[in-house]
Amino acid sequence: MPAIRVEGLTKVFGTLVAVDHISFEVADGEIFGLLGPNGAGKTTTISMLTTLLTPTEGTAEVAGADIVRARDRVREQIGVVFQEPALDTNLTGRENLDFHARMYGIGRTEREERIRAVLALVELSDRADALVAEYSGGMKRRLEIARGLIQHPRILFLDEPTLGLDAQTRRHIWEYIRTLNRERGVTVILTTHYMEEADRLCDRVAIIDRGRIAVLDTPEKLKEALGGDAITLSIEGDAEPLLKALAGLPWVKQAGVASGAITLTVEQGERHIPALIAAAGSAGVAVTAVNLRKPSLEDVFIQVTGRSIREGA
Amino acid sequence: MRDLTAIAVLWQREMIRFFRAKSRVVGTLGMPIFFLAFLGFGFQTSSVPGIPAGIDYVTFLVPGILGMTILFSSTFAGISVLWDREFGFLKEIMVAPVSRTAIVLGRIAGGATTSLVQGVLILLLAVPMGFPLPGVVPFLAAVAFMLLIAAAFISLGLIFASNMKDIHGFSLVMNFVVFPIFFLSGALFPVENLPAWLLPLAYADPLTYGVDGLRGVLTGVSSFSPLLDFVILSAFALLLLALGAWFFERSESA
């Protein structure tokens with residue numbers, strides 16, 4: 001049984017179709033990413049899957065329970081870290097965790113133990129008794145992640161888990177998420193508009209744009225589908241004969257000239273650099289610089305949607 | 001079982017927040033104290049028409065101010081769901097695997113307790129101003145009335161909060177709903193002094209029966225019998241509670 005099964009899920013607000021008939025499955029134990037610009041429908045999708053919004057159309061099952069008809073069974077099996085902070089700032093960190101643990105019916109001894117464990121996990125043990133109002137943004141985020149883990153959820157929803165955090169905290173949080181997934185087998189579904197986050201963390205990524213899923217695959221396959229690495233050769237001499245020679249090579253997918261340099265799309269680029277330089281030599285052209293860039297999910301996003309993710313929806 | 005725990009946890013959260021925010025407690029007590037002091041002293045020597053012989057205006061006024069204290073603090077407790085929504089905490093409550101009814105009851109338990117604390121404080125402060133110290137039975141009867149008033153108006157606050165998108169409508173509700181409820185209730189002067197065309201509104205106001213009941217059990221003077229007040233107020237409270245739970249259940253929280 002998949003951890004999550006979504007079929008034709010749709011949410012309409014007035015005249016705005018925020019989520020437009022999306023379907024996907026998340027396997028048990030997977031880290032699944034919804035990648036897209038702000039306003040693409042990621043949070044609305046998460047809100048429906050976590051029972052906070054009622055879908056306009058379509059169905060979904062989370063941990064085998066229907067998100068409309070069996071809300072309580074969904075709620076019992078998930079942990080959620082919302083995009084916007086959802087802490088009571090008038091309570092201390094520990095009180096927020098205690099509130100949560102009791103809402104999930106965890107008994108006293110168990111509760112104290114788990115709270116101690118999650119506080120240690122996110123390195124907040126020494127600040128646990130300070131009011132959340134005094135926490136920094138990163139501390140609040142870590143506290144929320146800790147809170148989402150107290151009830152030992154089967155499935156963890158993370159809506160933009162590292163939004164607005166500094167690079168170091170971000171890497172920390174990625175590490176927690178990986179550890180959880182590996183050691184406890186927690187299925188993770190996260191939304192992000194950080195390419196790097198989706199690329200480094202997720203087993204599979206769905207690129208979501210204007211309420212629809214544009215593509216869905218592993219980050220590697222999505223990037224491979226672009227055809228290869230981008231290589232730029234800066235040269236001295238006539239480009240034409242070299243271009244002709246390169247166009248005949250089977251592993252060169254694309255070749256062109258831009259601002260005096262040769263730009264190529266090459267399968268497994270780093271392995272073919274020697275051959276490229278050799279080809280230039282036999283064409284009588286001197287190579288002065290080589291630049292190789294691995295394709296990123298950003299390139300995938302641009303190819304699929306025709307826009308850069310920073311341009312927004 | 002889990003629902004009972006949830007009610008207790010939500011109640012406890014209100015207690016922690018209430019007793020931690022000392023300035024808020026003092027702030028909310030300010031208005032009823034000033035009403036009591038200035039109206040009480042200002043009208044002490046004049047005869048307010050319609051007040052039965054044998055009790056002075058301060059004695060007449062104190063149950064009204066008690067009702068006012070509970071009215072404002074409990075409507076606010078109900079409507080403060082909006083603040084939880086604004087600050088995101090409502091989502092934390094709503095994804096928890098507890099029934100929505102338990103969430104409503106937890107809020108009512110918390111809001112009723114904090115309202116009651118404020119009501120009792122006002123009652124104690126009124127004694128040095130000349131209000132007769134109530135006996136144990138009248139005091140307990142007054143507590144029952146205060147809890148019923150609180151349940152009714154926390155539910156009313158929930159109804160508004162469930163139908164409002166954000167906190168901007170808050171002052172609208174306060175000025176155009178809560179203040180009229182207060183002025184129509186007979187808290188400051190006998191309801192019978194109102195013009196005939198306003199009387200139906202006064203009798204449709206749950207607080208009218210709350211104030212009258214408090215006045216009956218604390219001073220022995222009232223328009224209706226305290227028992228009738230109790231029955232009508234209970235009916236209002238149940239109706240508003242059912243409506244509040246119904247609207248809250250249907251409101252979307254994301």
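**Notes on the predicted model: a pocket in chain B and a sheet in chain A**

1. Let's start with the open space. The largest pocket comes out at about 790 Å³. Bear in mind that this is a predicted model, and the volume, like everything below, is computed from it.

2. Who lines that pocket? The lining of the largest pocket runs to 36 residues. If you want to find its centre on screen, look for B:Arg17, B:Arg24, B:Phe76, B:Ser80 and B:Trp83, which lie nearest to it.

3. Five helices of chain B each put two or more residues into the lining: α1 (2-20), α2 (22-42), α3 (57-79), α4 (81-86) and α6 (100-126). Of these, α3(B) gives the most, with six residues.

4. What is the chemical make-up of the lining of the largest pocket? It divides into 18 nonpolar residues, nine polar ones and nine charged ones.

5. Over to chain A, which is split into domain 1 (4-223) and domain 2 (227-294). Taken over C-alpha atoms, the centres of these two domains of chain A are 44 Å apart. The residue ranges quoted in the points below can be read against those domain bounds.

6. Chain A has an open sheet built from four strands, and its order is β12-β13-β11-β14, with antiparallel pairing. At the edges sit β12 (252-258) and β14 (286-293) of chain A, each with a pairing partner on one side only. From one strand to the next, the twist averages 20°.

7. Now the individual pairings. Strand β11 (residues 229-236) of chain A is joined to β14(A) by seven bridges, and the two run antiparallel. A handy landmark here is A:Ile231, which stands opposite A:Leu292 in β14(A).

8. On the other side of the sheet order, six bridges join β12(A) to β13(A), also an antiparallel pair. Here A:Val252 faces A:Val266 in β13(A) as its opposite number. These two strands make a hairpin with two residues between them, and A:Ser259 in that hairpin takes a positive phi near 40°. That is a backbone detail to look at when you zoom in.

9. Which helix lies across β11, β13 and β14 of chain A? Helix α10 (residues 269-282) of chain A does, and it runs at about 165° to β14(A). The strand β13 that it crosses covers 261-266, and this is the strand that partners β12(A) in the hairpin.

Note on methods. Residues numbered from 1 in each chain as written. Chains lettered and ligands numbered in written order. Predicted model: local features only at pLDDT ≥ 70, side-chain atom pairs only at ≥ 80, totals over all residues. Heavy atoms only, no water. Pairing = 2+ DSSP bridges. Axes fitted to C-alpha atoms, helices over the stretch in contact; angles between N-to-C directions. Contact = heavy atoms within 4.5 Å. 1 Å grid on protein atoms, 1.4 Å probe; cavity = no way out; pocket = protein on both sides within 12 Å on 5 of 7 lines; lining within 4 Å. Points joined across faces, edges and corners; volume = space filled by probe spheres on them. Nonpolar A, V, L, I, M, F, W, Y, C, P; charged D, E, K, R; others polar. Domains from an automatic or database assignment.
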